[in-house]
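The following report describes a protein model in terms of its overall make-up, its sheet pairing, its core and several individual loop residues.

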Amino acid sequence: MIEVVASMARGPVFLAGELMECLITFTNPMSHLSTSATSEMLAWASAQIHCQFNASEGRVALPQQGNKQDVQAESDTVLIPSRGERGQCVLDTPPKILFCDLCLDPGESKTYSYSEIVPLDGPPSFRGQAVKYVYKLTIGCQRVNSPIKLLRVPFRVLVLQGMPEPPFPQDEEVSPSNPFLEEEEVSRRDARPLERALDMLMVTTSRRCPHMFNITNVRGKVAKFCIFKIVYRLGEDIIGTFNFSEGDIPCLQYSVSLQSEEEIQQQYQRRPGQATSVTGHGRHLESCLHTASSHFSLPIPLNVTPGFSTDTVTLRWRLHFEFVTAREPMEPPIVQQNQSEVTVWSGAEHVDVDTFSWDLPIKVLPTNPALASHVSQFSGTNSINI
């Protein structure tokens, strides 16, 4: 038996265009003191990245792919990373050979490093109501005259539009090596595309320009709303303020919800005029009768998917507002300055109200992948016994 353990060096979340590194260790767990211990052999092992696409048949009408076989014969030595997976493989990188003819003595282990740039032209990781995009690193191993064994390590990919192109790997290969270049400088050079992307992300989401909106219904002005920006990154708080003192109509209650809209592209919709799938990710509810001003704060979860668009689906973000207003003016309670007795004000038992809603589109961008790794559902480590 050989134990194979794959562990991603920096966590299970990556930006598209970033260099992903994974350490793969092959171990013969038998002790050399055991009388039955023998050397173990592996014919070969390789690794590659692939993205699996899965769609709900009730909501998405995909073109027929034909009778495509997804079965790998036991004697086949060709690695099919998506073997046994549901859906379609929409993206895969060229496989990289880790070794050929590996012999491990009892108690011996060997570690190999796999590195690959996460493709820029792929979709982000997404688990929606109608569409799913799932990324996995697949390591294939085979003994002589034995079936191929697959070890899959799922990870998450964030896509940032306009990310600078990474340097070509062949440019570094043909350049003369510098023996005086420290390892820290080498790792810093590899991290430059990520640093440029994060710098661009910080600049874009740090710009503040207050946006003012007059909220009205058919009866008149309700309030003035102010939001400081409409472009955010994962993990940020969305903060907005209301000024009800300038309103003509009394507002009894308001709620603000953070929502994502998953819309299937028209050519792939199962039914004409198919409704958009809306998912809520947080809600703020407050009673505001006789309140001059109010505010709300909604955090954007780190585990959600930023807005994106592919040939099949578009994901957008919005703030959904709901207001409950009174049809008639409501007098506030009067408190006498020199009143000696304590009085209790009770609200009206019956109030005729109107309700209306409003949607404000916002833009949600990725964040630092190291920050998103702390709340990821993936561990970045997986193992298998061969």
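The model is predicted. Asn145 is located in the loop that links strand S9 (131–142) to strand S10 (148–158). Although Asn145 is not a glycine, its phi is positive, at about 60°. With a relative accessible area of 80%, Asn145 is exposed. His290 provides another case of a residue other than glycine with a positive phi, here near 60°. The loop that holds His290 runs between strand S16 (277–287) and strand S17 (293–299). His290 counts as partly exposed, its relative accessibility being 36%. As background, most residues other than glycine have a negative phi.

**Overall make-up**

The protein contains four helices and 21 strands. Its chain has 386 residues, of which 42% count as buried. Among contacts with a separation of 6 or more, 78% join residues that are 24 or more positions apart. The accessible surface amounts to about 21500 Å², and carbon and sulfur atoms contribute 49% of it.

**The four-stranded sheet**

Which strands make up the open sheet, and in what order? Four strands take part, in the order S7-S3-S1-S21, and their pairing is antiparallel. Strand S7 (109–117) and strand S21 (381–385) each have a single partner strand, so they stand at the edges and one side of each is left without a neighbour in the sheet. On average, neighbouring strands of this sheet are turned by 15° against each other, direction ignored.

The pairings within this sheet, together with the pairing of S14 and S17, are listed below with a facing residue pair for each.

| Strand pair | Bridges | Sense | Residues standing opposite |
|---|---|---|---|
| S3 and S7 | nine | antiparallel | Glu21 and Ser115 |
| S1 and S3 | six | antiparallel | Met8 and Cys22 |
| S1 and S21 | five | antiparallel | Glu3 and Asn385 |
| S14 and S17 | seven | antiparallel | Thr241 and His295 |

Strand S1 (residues 3–8) has side chains that alternate between two faces. Val4, Ala6 and Met8 point to one face and are buried, whereas Glu3, Val5 and Ser7 point to the other and are not. Met8, one of the buried residues of S1, is the one that stands opposite Cys22 in S3. Glu3, on the face that is not buried, stands opposite Asn385 in S21.

**Strand S17 and the nonpolar core**

An alternation of side chains is also found along S17. There, Ser294, Phe296 and Leu298 point to one face and are buried, while Ser293, His295, Ser297 and Pro299 point to the other and are not. His295 is the residue of S17 that faces Thr241, in a pairing with strand S14 (residues 237–243).

The largest nonpolar core comprises 83 residues, and Phe296 is among those with the most contacts inside it, along with Ile24, Phe26, Leu137, Ile139, Phe242 and Leu319. Strand S4 (residues 40–55) supplies the largest share of this core, namely seven residues. When residues up to four places away in sequence are not counted, Phe296 touches Phe225, Ile238, Ile239, Gly240, Phe242, Tyr254, Val256, His284, Leu319 and Phe321. Phe242 and Leu319 thus appear both among these partners and among the residues with the most contacts in the core.

**Two buried loop residues**

Is Thr305 buried or exposed? Its relative accessibility is 11%, so Thr305 counts as buried. Thr305 lies in the loop between S17 and strand S18 (308–309). A polar atom of the Thr305 side chain is 3.1 Å from the backbone oxygen of Ser125. Leaving aside neighbours within four places in sequence, the contacts of Thr305 are Pro124, Ser125, Phe126, Arg156, Leu315 and Trp317.

Val118 is placed in the loop between S7 and strand S8 (126–127). Since the relative accessibility of Val118 is 0%, this residue counts as buried, the cut-off being under 20%. Its contacts beyond four places in sequence are Phe14, Leu15, Ala16, Gly17, Glu18, Met20 and Val157. Val118 and Ile49 are separated by 69 residues in sequence, with a C-alpha to C-alpha distance of 8.0 Å in space.

How values were computed: Residues numbered from 1 in each chain as written. Predicted model: local features only at pLDDT ≥ 70, side-chain atom pairs only at ≥ 80, totals over all residues. Heavy atoms only, no water. Core = buried A, V, L, I, M, F, W, Y, C linked by side-chain atoms within 4.5 Å. Buried < 20%, exposed > 50% of the residue type's maximum accessible area, 1.4 Å probe, protein only. Contact = heavy atoms within 4.5 Å. Pairing = 2+ DSSP bridges. Axes fitted to C-alpha atoms, helices over the stretch in contact; angles between N-to-C directions. Areas by Shrake-Rupley, 256 points an atom, 1.4 Å probe, with all protein chains shown as cover. Polar contact = N/O pair within 3.5 Å; in protein donor to acceptor, adjacent residues only side chain to side chain.
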